[in-house]
Amino acid sequence: MDDRPGDRVIGTAFRTAFRSEDLPSTGRLAGFDDFLRGGDPPMRATSGAGADFRALARTRDLGPLRLLELTCSPSVLYRTAPLIRRSDPGLCSVVFPLHGALTVSQAGRVAALRGPGLTFYDSARPLRLRITGPGPATLLRADVPRSLLPLPARRIDRLAGILLPGRTGLGALLTHFLTDLAADPRAYPAADEARLGAVALDLLAATLTHHLDTSPAAPPRGRGLLPRIESYIRTHLADPDLTPRAVATAHHISVSYLHRLFRARGTTVTALIRQGRLERARRDLADRRLRELPVHRVAARWGFRDHSAFTRAFRTAYGVPPHEYRRTRTQ
């Protein structure tokens, strides 16, 4: 797409990669979803904003590092196992809000970002990033090739989805530096692009190394594992590819071991996923603000691929079909 007027400074400016206002209101979310699917790394998007959905994505390349500044209506951006199998560009990313709030979930951990703070994630793992609202949020993301970080992948994995401080120390240096690059790209000449990228890469590596060296060792396998798995399921219910195998893979355990953990609770992984999705759908159907969102979209929003299967499961769980439930709750 063309850059916005005034954005073009040779070699240093942000490039407008997606702007929802370029599309009719009914096609903005679908257009944004297509944009994310074609990105690096490929992702997907869902939102309850309907025709009010807005998004603006701008990018800037600094040598091996790419910056993405995204302003977006409340929504969920996610990366699933099938997307990873289709394409993994081998990227590590640090993300933090410039305005608003977001929640990032990966590896069974959840980082809620509502102020100074940042988190880290890896393109090789399923991911869920939720812009929590109530209004739009602006986030800044820096992507670097995993191979350029001077840290073993198994060590870096320990920090995925963990809230890291951004008010003091190396985290503050990193977020301030990246924010300055986003705020005034014209402050740096084009000839310094590669140097700026190298500085950002060094700061990111130093920040991760510091937190790896100061964080406590991970608990032995099995200790607290079930609560982490349950938390992971709750934060990934919108992902239609959330299955027992996907849950097991995300926690580096076998599917049979996963089933044994849940048998001790007298339930199954599949039942917990279905119950969680039905409860989220029930809550949305009772929300007056979502009355214009079709029932099949509510179902899809919470991971149900088949509308008739959703209707049957909803009737079994709550005694009435979803259309009738909505009518009695939103009159």
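This passage describes the largest pocket of a predicted model and the strands and helices around it.

The largest pocket has a volume of about 1,300 Å³. Its lining is made up of 49 residues. Nearest the centre of the pocket lie Thr 46, Ser 47, Gly 48, Ala 49 and Arg 301. By residue class, the lining comprises 20 nonpolar, 18 charged and 11 polar residues.

Several elements of secondary structure come together in this lining. At least two residues each are supplied by the helices α1 (28-37), α2 (81-86), α9 (269-285) and α10 (295-301), and the strands β2 (44-46), β5 (75-79) and β10 (127-131) likewise each supply at least two. The most is given by α1, which contributes five residues.

The three strands just named also belong to a sheet, and it is worth tracing them there. This sheet is open, has five strands and follows the order β2-β5-β10-β7-β8, with antiparallel pairing. At its edges are β2 and β8 (109-113), each of which pairs on one side only. On average, neighbouring strands of the sheet are turned by 15 degrees against each other, direction ignored.

Within the sheet, β5 and β10 run antiparallel and are joined by five bridges. For a reader following along in the structure, a handy place to look is Ser 75, which stands opposite Ile 131 in β10. Helix α1, the element that gives the most to the pocket lining, lies across β2 and β5. The helix runs at about 155 degrees to β2.

Technical notes
Residues are numbered from 1 along each chain as its sequence is written. This is a predicted model: local features need pLDDT of at least 70, side-chain atom pairs count only at pLDDT 80 or more; totals for chains, interfaces and linings use all residues. Side-chain values use heavy atoms; hydrogens and water are left out. On a 1 Å grid over the protein atoms alone, a cavity is a set of points where a 1.4 Å probe fits but cannot get out, and a pocket is an open set with protein on both sides within 12 Å along at least five of seven lines; lining residues have an atom within 4 Å of a point. Grid points are joined across faces, edges and corners, and a volume is the space filled by probe spheres set on the points. Helices (H or I, at least four residues) and strands (E, at least two) are DSSP runs, numbered from the N terminus. Ala, Val, Leu, Ile, Met, Phe, Trp, Tyr, Cys and Pro count as nonpolar, Asp, Glu, Lys and Arg as charged, and the others, Gly among them, as polar. Two strands pair if DSSP finds at least two bridges between them. Axes are lines fitted to C-alpha atoms, for helices over the stretch in contact, and angles run from 0 to 180 degrees between N-to-C directions. Contact means heavy atoms within 4.5 Å.
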